Amino acid sequence: MPQAFSPRGSDAPCAFCAVVAGDAPAEVVHRDDRLVAFLDAQPLFPGHVLLVPAQHVQTYDELPADLAGPWLATGQALQRAIEAATGAEGALLLVNNVVSQSVPHLHQHVVPRSRGDGLRFFLGPRHRYAPGEAAQVAARVRDHLSAART
């Protein structure tokens with residue numbers, strides 16, 4: 001059952017913090033002082049792994065900058081290892097942020113994929129921009145990026 005999304009900074013119990021602490025069962029495939037990776041309890045396919053920060057980080061935008069490099073390197077290593085271990089042709093890498101985030105602890109799914117595996121993952125429905133709308137949206141994004149840098 002999905003865990004209720006808690007306000008940022010909440011001290012509500014976290015299912016993934018329990019895994020990190022060793023208080024909840026999980027098949028751990030990687031553990032260091034900063035990151036833990038374990039098999040998803042309800043996998044899309046065998047080898048479906050979740051990568052989580054060892055410290056409680058709720059959303060992607062809260063990932064500390066000093067964890068970004070290890071997060072990327074470990075995710076890449078997991079992707080290669082999972083493909084090799086399962087004979088997969090590739091992988092789906094996915095991070096939900098608040099919407100569809102079943103546990104309010106940042107986690108990256110690494111799902112082994114092969115052509116014809118039956119997974120019907122798509123990003124849709126798709127919506128076309130109205131004339132001039134793309135330029136307006138791009139300008140707003142650039143403005144927010146610029147404001148965030150100052």
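This passage describes the nonpolar cores and strand pairing of a predicted model. Local features were taken only where pLDDT is at least 70, and side-chain atom pairs only at pLDDT 80 or more, while totals for chains, interfaces and linings use all residues. Residues are numbered from 1 along each chain as its sequence is written, and side-chain values use heavy atoms, with hydrogens and water left out.

A good place to start is the interior. The largest nonpolar core (buried Ala, Val, Leu, Ile, Met, Phe, Trp, Tyr and Cys residues joined through side-chain atoms within 4.5 Å; buried means under 20% relative accessible area, with a 1.4 Å probe and protein chains only) has twelve residues, including Leu35, Leu51, Trp71 and Val110. At least two residues of this core come from each of strand 2 (35–39), strand 3 (49–53) and helix 2 (65–86); helices (H or I, at least four residues) and strands (E, at least two) are DSSP runs numbered from the N terminus. Helix 2 gives the largest share, four residues. Apart from this core lies another, of nine residues, with Val19, Val20, Val36 and Val52 among them.

Leu51 links this interior to the strand pairing. Its contacts (heavy atoms within 4.5 Å), leaving aside residues up to four places away in sequence, include Leu35, Trp71, Leu78, Leu106 and Gln108. Gln108, in strand 5, is also the bridge partner of Leu51. Strands 3 and 5 pair (at least two DSSP bridges between them) in the antiparallel sense over three bridges. Strand 4 (residues 90–94) and strand 5 run antiparallel too, joined by five bridges, and Ala91 stands opposite Pro112 of strand 5. Five of the six residues of strand 5 (residues 108–113) are buried, so this strand is largely enclosed by the rest of the structure.

Methods:
Buried < 20%, exposed > 50% of the residue type's maximum accessible area, 1.4 Å probe, protein only.
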